[in-house]
Every structure is written in structure tokens, then in C-alpha cells.
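Subject: Handing over a structure, with notes on what was found

Dear colleague,

I am passing the structure below on to you, and my notes follow it. Please read them with the sequence and the 3D view open beside you.

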Amino acid sequence: MGFAAIAGFILLLACINFINLSTARSTKRAREVGMRKVLGAERRTIILQFLAESIAYALLGTIIALAAVYFTIEPFGALVQRDLTLEILYSPSMILSLAGMVILVGVISGSFPAFVLSRFRPTQVLKGVAGLPKRGTTMRRILVVGQFLVSITLIVSTVSIYKQLQFMQTKRLGFDKEQVVNFTFGRDTGNLDLTRLKNELLALPGVENATVSSGIPFGSTRMKIMAQPESIPEDQPFESWMMGVDHEFVPTFGMTILEGRDFNPEITTDEHSAILINEAAVRAIGWEEPVGMSIPMDGPPGPDGQMTVNEMEVIGIVQDFHFSSLREQIEPMILFYDDNMSMMLTLRLEEGTIPATMDLVEETWNRIAPDVPFEPAFLEERVNEIYHSERRFAQLISLFTILAMVVAALGLFGLASYAAESRTKEIGIRKVLGASEGSLFGLLTREFTILVAIAAVLAVPGTWYFLQRWLNTFAYHISMGLDIFLVSAVILLVIVLLSVGFQAIRAARANPVHALRYE
């Protein structure tokens, strides 16, 4: 629905262009209207004539659009990851929809010009004093502001989406995702000796670290528990995620121990009574000095078959790391030592030797675990895949924005051409009286600049509101500031000046003699 709305806005820009150009050049057809009225034509007939012309233009545009769709449907389908075919255009519902769209667009874009032109009085027209009514000029300015408003909204949206995407791609995740490859095992791995496989791979040149765990960041296989940490009131239960890891988990993922220490294979008590917690867990519990405190956790069944409870001592605080998308807040996490329930093997490879190292890893894998499929997954690719939809959304919104800018620029070029033409004598007189080319350029572009400023101010509230709602779907996001609107307004102003500047410079450099002999 969002992209359909944007497409509707672009179509609206095209309608505004048609209305503006038709009303701006109304004097060119004033004599035609006057003569038709003198010959007995009714106003209704003239309105129908102009509406028919507008619908004919819409029909011609639809034919050209269908030809464009024929050549672009495959690359566009690849961009949106949809299997798009031309068969949908042949359905009766689509044919009726296109026909209705042609009539609707033709009526919308042709109504205002038709009603304006049909009101010209024959006596004024034939005396040569007919012109565009003042309220028609006001309406044209309102429509131009509306056009700029839509354009600025799209530019602001594009800039904001790309800034958020860049923020997600560059934000420190609390772990190092580069050169990390992961293997996930199913429940049935036969007689696979995971510890042996890990040690054999760790001995390979190019493999820096290796770890086995029950889960990984941006992965799965996490558990959630309810516990009652030490010195916390019973009416304040603590909820946390848990992952079973070994003593190489933290260095393999490049995590940081802020307080205390990591698991140590030489300290045997770590295997059954030590845990690491993240900063989010410390905040949730409220401990001021968490290292050395304990959290009761379920242990293995006792001799009587009843579950036992182990007091797990906090030996270290891990810097917060994202274990899911930036759309989600970092939640409390407990890392406990357990390499028996591990279903994931993760390797950190040396930079610059990855292809050769992966060949050695596959060779060793096939020798030790020939019955287990070799299915490596690089963590960086996994993280990037999480934000694939955002990147595709950014590409689509950029495409729509470029189309909107092209449509707006074409309309502005036409309006600038008319403005320069209608003020030919004024420009000639000003040049004769000593006006510089720079002052004439400013004269012809000043109105458009003011309209851009008005549109920028009007765009702030609504655009800020809707983009803020979108950003709030991310737990971690950029902040919306006025700088984004200022940058977008400058971009639009540059496009406007490029669109009208050619006509303005051309008019300013024209020979005043030719201007004064105009008409």
C-alpha cells in the first residue's frame, strides 16, 4: 500500500504539471475560445472539448507507460523480488482499472483548465485583453507548492531511510561479525564427535578461534528462564535469555568483558557454577556490584529424580551485544558453560586467507564428519540478510523519488519557459534601463525559490510524524532533525534552479532590441 500511495503521488505530480501548464498558457488559446463562443458554442461544449483533449493525453500516456512496462517489468521484478509477468495486464479487471484510471486522470487534470478557459468572455478576448484570471494564478502557485511538498517529502524519506540503513550497517553490534563462519547441526548428527571436529579445525592454518554453543548472535536456539537473583525481592522475578557456550565463545565473537573474567578451562567449577551476564541483565536486576553475586538456576536431576537448583555465580559482565535485529531492544542474556548441548560450531578465520582456509575446513570436515552436510554460513551475510528488506525498500523509494524529481523538473521547465516568454518585454525594458543579467536571473527564479521555502516549512510536521513512526519500529535508530529537512530543501532548490535556470539565463542574455520588438 505504501508504494501504491507513492505511485499515486507521482501521478498527482503529473496532473499538477498538466494543470499548471494548461492554465499558464491559457492566453494562447483565448482567441480560439472567443471565436467558438461568437460562433455559438456553449460553455458546456467547450468544457467537454478540453476534457476530451485531457483524456486523450492520458490515453496516450497510458500507451507509452505500457510500452515502458514491457521493457522494465523483469528488472523491476528482480528489484522487488517478485515474479512479475505481463499476463496480469490482460485480465478484464486490469483493463477496466486502466480505462477507469485514464478517465479519472483525464478529468482531474483537465477540469480546472477547462473551467478556466471556458469562462473567457468573447469581447475581452477579441479586443486582446483576455488573460488568466488572478485566482487562476493563485491556484497555480498553490499547486506548485503542493508539487514541491510531495517532492520534499519523498527526498526527506529517501535521506532518512538511507541514514537509518547506514546507521544499522555501521553500528557497533557488541561483537565482530567479519571473518566468522558458522555451522548449524540438527538433532540427529549420528556419532559426530563435535569436540574433536572443533579441535581439528582449530589446528588448521588460517583458523584463529573455534567455539561450540547452543546459539549465536543473529541466530537461534536461545532459551528463556525466570529466576530470582540474589538480594532481589521475591515479587520482582527476573526474566532472561540463556545460551550454552564454551570458554572460546567470547574471543571467537570478539566480545568484550567489562568486569570480572571469562570462562577458564583450568577452573573446573566454571563448568557447573559460573555464568556471564550482559549489561542489560545488570540493569534489569539492579545490582551495583554484580560480579560475585549469584542467580539460582535449574540443575540436573538428583538421585531421587527431583530437579536440583544450582547457585550460579556471576564471574563476568559482557558488553551488551545484539543477538537479533536492531528493531528489537537488547534484553538480558545469561551465558553458561555447557558444550554438551551445543548445536552450533563457529570459526573465526584470518583475514585474507578465507578461500584457502575454507578449502582446508571442508577437506577436514569431510574426513571427520562425512555424513554431516557441509553447510557454512558467514555471520556477516546473516546480519546483512536481516536488513535486506530495508535495503530493498531504500532502493525502491529512491527510484520513486528520482521519477518524482524528473516529473517535477519537466513541469518546472515548462513553467519557466512560459514565465520567461510572458515577461519578454519587461526583461527587455529592464536591460535597457541597466539591469544586470544576475538581477534578471534572480527576478525570474525568485518566485520558485519562495515557493520551495514555503513547501519546506509545510512539509516538516507531517513528514516528521510519519517518518518518526517508521523509525520507532526500530529499537535503535537515528534521530530526526531539521538538518534532514534543510538538506532536502537544498536538494530540491538545486533541482528547481537547474530546471528554471536555463530559461532564466536565456531570457536574461537575450538582445533587448528583439525583446522590445516582441509581437
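Helix α7, which covers residues 194-202, lies across β2 and β10 (344-349), and its direction makes about 165 degrees with that of β2. Please keep in mind here, and in everything below, that this is a predicted model. A further helix, α11 (residues 354-368), packs on the sheet as well, where it touches β1, β2, β10 and β11 and runs at about 145 degrees to β10.

Within α7, the buried residues are Leu194, Leu197, Lys198 and Leu201. Viewed down the axis of α7, these buried residues fall within an arc of 100 degrees, so they line one face of the helix. The general background is that an α-helix has 3.6 residues a turn, so residues three or four places apart point the same way. As for what this face meets, the buried residues of α7 pack against β2, β10 and α11.

The sheet under these helices is an open one, formed by four strands in the order β2-β10-β1-β11 with antiparallel pairing. Its edge strands, each of which pairs on one side only, are β2 (207-213) and β11 (377-378). Strand β1 (residues 180-184) is joined to β11 by two bridges, and in this pairing Val181 stands opposite Phe378.

Another strand worth finding in the view is β9 (residues 333-337), in which five of five residues are buried. Both of its faces are covered, with Met333, Leu335 and Tyr337 on one side, and Ile334 and Phe336 on the other. Strand β4 (residues 238-245) runs parallel to β9 and is joined to it by five bridges, with Trp241 standing opposite Met333. Strand β6 (residues 274-278), by contrast, runs antiparallel to β9 and is joined to it by three bridges, and here Ile277 has Ile334 as its bridge partner.

Elsewhere, in helix α13 (residues 388-422), you will find Leu412, which counts as buried at 1% relative accessibility. Leaving aside neighbours within four places in sequence, Leu412 is in contact with Gln147, Phe148, Phe448, Val496, Ser499 and Val500. Of these, Phe448 is 36 residues away from Leu412 along the chain, with 8.9 Å between their C-alpha atoms.

Turning to charged side chains, the structure holds nine salt bridges. One of them is formed by Lys163 and Asp483, at 4.0 Å from N to O; since Lys163 lies in helix α6 (residues 134-170) and Asp483 in helix α16 (residues 482-508), the pair ties together parts that are 320 residues apart in sequence. Lys163 is partly exposed, at 32% relative accessibility, and Asp483 is also partly exposed, at 43%.

A further salt bridge joins Arg283 and Asp320, whose closest N and O atoms are 2.9 Å apart. This pair links distant parts of the chain, with Arg283 in helix α10 (residues 279-285) and Asp320, 37 residues apart from it, in the loop between β8 (307-318) and β9. Arg283 is exposed, with a relative accessible area of 54%, whereas Asp320 is buried, with 13%.

Finally, Arg196, Glu200 and Arg367 are linked in a network of salt bridges.

With best wishes

Note on methods: Residues numbered from 1 in each chain as written. Predicted model: local features only at pLDDT ≥ 70, side-chain atom pairs only at ≥ 80, totals over all residues. Heavy atoms only, no water. Pairing = 2+ DSSP bridges. Contact = heavy atoms within 4.5 Å. Axes fitted to C-alpha atoms, helices over the stretch in contact; angles between N-to-C directions. Buried < 20%, exposed > 50% of the residue type's maximum accessible area, 1.4 Å probe, protein only. Arc of directions from axis to C-beta.
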